[in-house]
Amino acid sequence: MTPRIRARSFDLRIPAFVVAVLVCLVTVQCSGGGSSSGGGSTPSIPGPTSPTPTPTNPSGPETFVGAGDIAICSGNAEATARQLDSIGGTVFTLGDNAYPNGSQQDFRDCYDPTWGRHKARTRPAPGNHDYGTPGAAPYYQYFGANAGGAGLGYYSFDLGAWHIISLNSNVPDAGASQLSWLRADLAQSTAKCTLAYWHHPIFSSGPNASNAGETAIRSYAQQMFRILYDAGADLVLVGHEHLYERFAPQNPDGGLDTARGIRQIIVGTGGVPLYEFQSVKPNSEVRLRSHGVMRLTLSSDRYQWDFLPVSGAGDSGTQACH
Ligand SMILES: [Fe+2]
């Protein structure tokens, strides 16, 4: 609609002090824009174009929210997607995005109508179900540049004061290049706080902890964890177990380490049917069986976690960065 401009006669003589104020305002505007610090996304190697995450508050804490094990057409993905509808910030996924096989049809029919409405602000990680289709091709096609370089499944970005790394735990046989990249990526980061996320847990009280078929994957994930630990990283998020489980800060061998340890939290609660807990592992602090999303509030020197269940009890706390 074209706004109507009402013609009115007025005096064109503008007082000098008004001109001065206008000039001042214009000057401040220009210099302010040019010097604004980059609180948003900084692409890292290997250098795929990194879309800018949606900051909730560029000058304050960032919200990072998500879960793994998400969209089976008959599951609860819509319930967790509705939680995202009212939470700002950047969305993460912890793999197994579209069931059962990460096919084009699975993404189109199950993921897209639910979590897909947050796709533009989603930074995903791939899971074994996404690799149910060779090369996880539909996963890379669906998420595009938001998933990093096509076929790699690993990338990093900065979110406020935090360095965030999404990794691929599905390729233990071809993972040497990812480990090299991870070391280099961490070496060039100057962030005080670092978070990494991928699909398969190292520590778990769920049924997959005793899955002999995943020994190589766990061992590979442990290598990633060790590299992160040596670099002083703070937090690791994983999925795969359809459960919520929070561990105390640990070293790569599972020993309690309150000084330098990394806290691993399983958030495989995005919508697929839940598992039962098996034997409780050392340093497991909280275990919940509920669908829901993890909302992280990332400040300059600490993080707050809030697991928000669709129903039932949640889990919250804060931890300072190393
Ligand atoms: Fe999985």
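Which residues does His242 touch, not counting residues up to four places away in sequence? Keep that residue in mind; the tour ends there. The model on screen is predicted.

**The whole chain**

Start with the protein chain in cartoon view. Its secondary structure comes to 6 helices and 13 strands. Of its 322 residues, 45% count as buried. Among contacts between residues at least 6 apart in sequence, 74% join residues at least 24 apart.

**The seven-stranded sheet**

Select strands E4 to E10. They make an open sheet of 7 strands, in the order E4-E5-E6-E7-E9-E8-E10 and with mixed pairing. The edges are E4 and E10 (284-288); each has a single partner strand, so one side of each is left without a neighbour in the sheet. Direction ignored, neighbouring strands of this sheet are turned by 15 degrees against each other on average.

**The E4 edge**

Zoom in on residues 155-159, strand E4. Its 5 residues out of 5 are buried, so E4 is largely enclosed by the rest of the structure. Show side chains: Tyr155, Phe157 and Leu159 point one way, Ser156 and Asp158 point the other way, and all are buried.

Extend the selection to strand E5, residues 162-166. E4 and E5 run antiparallel and are joined by 5 bridges. One bridge to pick out pairs Leu159 with Trp162 in E5. The two strands form a hairpin with 2 residues between them, and Gly160 in the turn has a positive phi of about 60 degrees.

**E5 and its other neighbour**

Stay on E5, where 5 of 5 residues are buried. Trp162, Ile164 and Ser166 lie on one side and His163 and Ile165 on the other, and both faces are covered.

Now add strand E6, residues 193-197. E5 pairs with E6 in the parallel sense over 5 bridges. Ile165 stands opposite Ala196 in E6. Centre on Ala196: leaving out residues up to four places away in sequence, Ala196 touches Ile165, Leu167, Leu228, Ala233 and Val236.

**The nonpolar core**

Ala196 also leads into the largest nonpolar core, which has 75 residues; Ala71, Ala196, Tyr197, Val236, Leu237 and Met294 touch the most other members. Colour helix H6, residues 215-230, next: H6 gives the most to this core, with 7 residues. In soluble globular proteins, nonpolar side chains tend to be buried together.

**Helix H5**

Select residues 176-188, helix H5. At 1.5 Å a residue, its 13 residues should span 18 Å, and the end C-alpha atoms are 19 Å apart, which agrees. Gln178, Trp181, Leu182, Asp185 and Leu186 are buried in H5. Looking down the axis of H5, the buried residues fall within an arc of 130 degrees, so they line one face of the helix. Turn to the other side of H5 for the exposed residues Ala176, Ser177, Ser180, Ala187 and Gln188. An α-helix has 3.6 residues a turn, so residues three or four places apart point the same way. To see what covers the buried residues of H5, show E4, E5 and H6, which are among the covering elements.

**Helix H3**

Move to residues 104-111, helix H3, where Asp106, Phe107, Cys110 and Tyr111 are buried. Seen down the axis of H3, these buried residues fall within an arc of 105 degrees, so they line one face of the helix. Their cover includes helix H2 (77-85) and helix H4 (137-143).

**The E10 edge**

Return to the sheet and go to its other edge. E8 and E10 pair in the antiparallel sense over 4 bridges. Label Arg246 and its bridge partner in E10, Val286.

**His242**

From E8, step back along the chain to His242, in the loop between strand E7 (235-238) and strand E8 (244-247). Is His242 buried or exposed? With 24 C-beta neighbours inside 10 Å, His242 counts as buried, because the cut-off is 20 or more. Show its contacts: not counting residues up to four places away in sequence, His242 touches Asp69, Gly268, Thr269, Val272, Pro273, Leu274 and Tyr275. As a last step, draw the C-alpha to C-alpha distance from His242 to Glu276; the two are 34 residues apart in sequence and 8.3 Å apart in space.

Key
Residues are numbered from 1 along each chain as its sequence is written. This is a predicted model: local features need pLDDT of at least 70, side-chain atom pairs count only at pLDDT 80 or more; totals for chains, interfaces and linings use all residues. A residue is buried if 20 or more other C-beta atoms lie within 10 Å of its own, exposed if 12 or fewer, and partly exposed in between; C-beta atoms are placed from the backbone. Two residues are in contact if their C-beta atoms, placed from the backbone, lie within 7 Å. The arc is that of the directions from the helix axis to the C-beta atoms. Two strands pair if DSSP finds at least two bridges between them. A nonpolar core is a set of buried Ala, Val, Leu, Ile, Met, Phe, Trp, Tyr and Cys residues joined through C-beta atoms within 7 Å. Axes are lines fitted to C-alpha atoms, for helices over the stretch in contact, and angles run from 0 to 180 degrees between N-to-C directions. The expected span of a helix is 1.5 Å times one less than its number of residues.
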